[in-house]
Amino acid sequence: MLDKNAIQFYDKDEKVWELKKKRVTDQRCNQSSHFVEGSFYGGRETMTIDRLKQSQLMSKEISDLIISHEKVAHVQLQNPLDHALLILIKSGYTAIPVLDNDFRVRGQISKNEILDSILGLERLEIERLHDITVETVMKKKIPRLKTDTTFSKALTTSINHPFICIEDEEASFVGILTRSSILALVNRYFQQST
Ligand code: AMP
């Protein structure tokens, strides 16, 4: 952790130095005085991580970043795959959430899962699209977060997921959080604080 009573700076090799204020007693005149003690601290990356840790950004709630459910393209468990494919193609998204009749998140479906499910030995069996339901092929193991989750937790979760479904206390679907909105905020934070 960086000390508030210290000055940090980069040297020409991008190493971070820390100059600390220290209180000492001068034996001859019995008075306290300050002097500055220098120490090598770390590289640019260490400094960046410390700055992020100290900022309020990491403990902020994600609620402001959520794309509300009315604006999220989704399908339902019993929809046939031709319907899901239509929504995916027309919306332009690679994957979208799957909800049940009570508006709870049950999984997500992507173009890849749909095409994989109709892959025959020699061709894509398009005629089967209408007979298979979304529930049969969707991905069930997906990350979910609550609206009061911290930005720090959302950032970690987003590393492996382009979007995360957000639920309220009753597990109803609230909306989604995209990795791009998380990165945009981190980027804005660093632009402002340099
Ligand atoms: P983006 O960061 O905007 O590219 O979004 C990342 C992923 O989140 C997209 O590929 C979609 O899978 C999903 N997504 C983003 N916005 C929506 C939306 N309005 N409706 C459904 N899915 C979305």
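**Notebook: ligand shell and strands**

I looked up the shell around the ligand by class and found nine nonpolar, three polar and two charged residues. Here Ala, Val, Leu, Ile, Met, Phe, Trp, Tyr, Cys and Pro count as nonpolar, Asp, Glu, Lys and Arg as charged, and the others, Gly among them, as polar.

This is a predicted model: local features need pLDDT of at least 70, side-chain atom pairs count only at pLDDT 80 or more, and totals for chains, interfaces and linings use all residues. Residues are numbered from 1 along each chain as its sequence is written.

I then listed the residues that surround the ligand (C-beta atom, placed from the backbone, within 6 Å of it). There are 14, and the closest are A73, Y93, F163, T178 and S180. At least two residues of the shell come from each of β6 (95-99), β10 (173-178) and α6 (179-192). Helices (H or I, at least four residues) and strands (E, at least two) are DSSP runs, numbered from the N terminus.

Next I followed β10. Strand β9 (residues 163-167) runs antiparallel to β10, with five bridges joining them; strands pair if DSSP finds at least two bridges between them. I164 is opposite L177 in β10. The β9-β10 hairpin has five residues between its strands, and A171 in the turn has a positive phi of about 65 degrees. β4 (residues 67-68) also pairs with β10, antiparallel, over two bridges, with S68 opposite G175. Five of the six residues of β10 are buried (20 or more other C-beta atoms within 10 Å of their own, C-beta atoms being placed from the backbone), so β10 is largely enclosed by the rest of the structure.

Last, I checked β6. It belongs to an open, mixed sheet of three strands in the order β5-β6-β7.

Terms used: Buried ≥ 20, exposed ≤ 12 C-beta atoms within 10 Å, placed from the backbone.
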